Amino acid sequence: MRSRLRRLLPVAVIAAAGCGGNQPAPPDTGGTDPCGARALVLVNCSGCHDGVSETTGFLDLTSPDSVANLVGKPAAGPKCAAGGAILIDTDGSGLFVDKLRAPPPCGDQMPQGTFPLSSEEIACVASWVATVAAAR
């Protein structure tokens, strides 16, 4: 509970500044997200990663289902594209999850402007991303 409360205030501040998720998380009807990774991505990533800016790698994370579209795609942001990194590989590894950890292999640790995700939250997102990648 404390971790969740710790994250709510910064999300509200970021949302007011035009960066941060303010959409309700869609329910997981497929049973593939028992730890809430879809909601973590939506709340912590969608406000900045709306698909329209080069500085955010043109990533559109306004719908957690868009994560499936990142499998096999190269990084496009100015800080990570030159390295040829893959956003999500077929086994679920890749820059998408690596950028949640400190230090990231390129660019800045995500999410910016709020507290970093906990190791449990990162493991949750990594597990979900691996499930999404395997389904592709």
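User: What is the angle about the S-S bond in the link of Cys 80 and Cys 106, and which hand does the link have?
Analyst: This is a predicted model, where local features need pLDDT of at least 70, side-chain atom pairs count only at pLDDT 80 or more, and totals for chains, interfaces and linings use all residues. Residues are numbered from 1 along each chain as its sequence is written, and side-chain values use heavy atoms, leaving out hydrogens and water. The sulfur atoms of Cys 80 and Cys 106 sit 2.0 Å apart, and a disulfide is a pair of cysteine sulfur atoms within 2.5 Å. The angle about their S-S bond is 115°, and the link is right-handed.

User: How many disulfides does a search of the whole structure find?
Analyst: Besides the link just described, a disulfide joins Cys 35 to Cys 124, with an S to S distance of 1.9 Å. Searching the whole structure gives a total of 2.

User: Is Cys 124 buried or exposed?
Analyst: Let's start with the terms: buried means under 20% relative accessible area, exposed over 50%, and partly exposed in between (1.4 Å probe, protein chains only). Cys 35, its disulfide partner, is partly exposed at 42%. Cys 124 has 7% relative accessibility, so the answer is buried.

User: Why does Cys 45 have no bond to Cys 48?
Analyst: Cys 45 is itself buried, with a relative accessible area of 14%. The closest cysteine sulfur to that of Cys 45 belongs to Cys 48, and this is too far for a bond because the distance is 8.7 Å.
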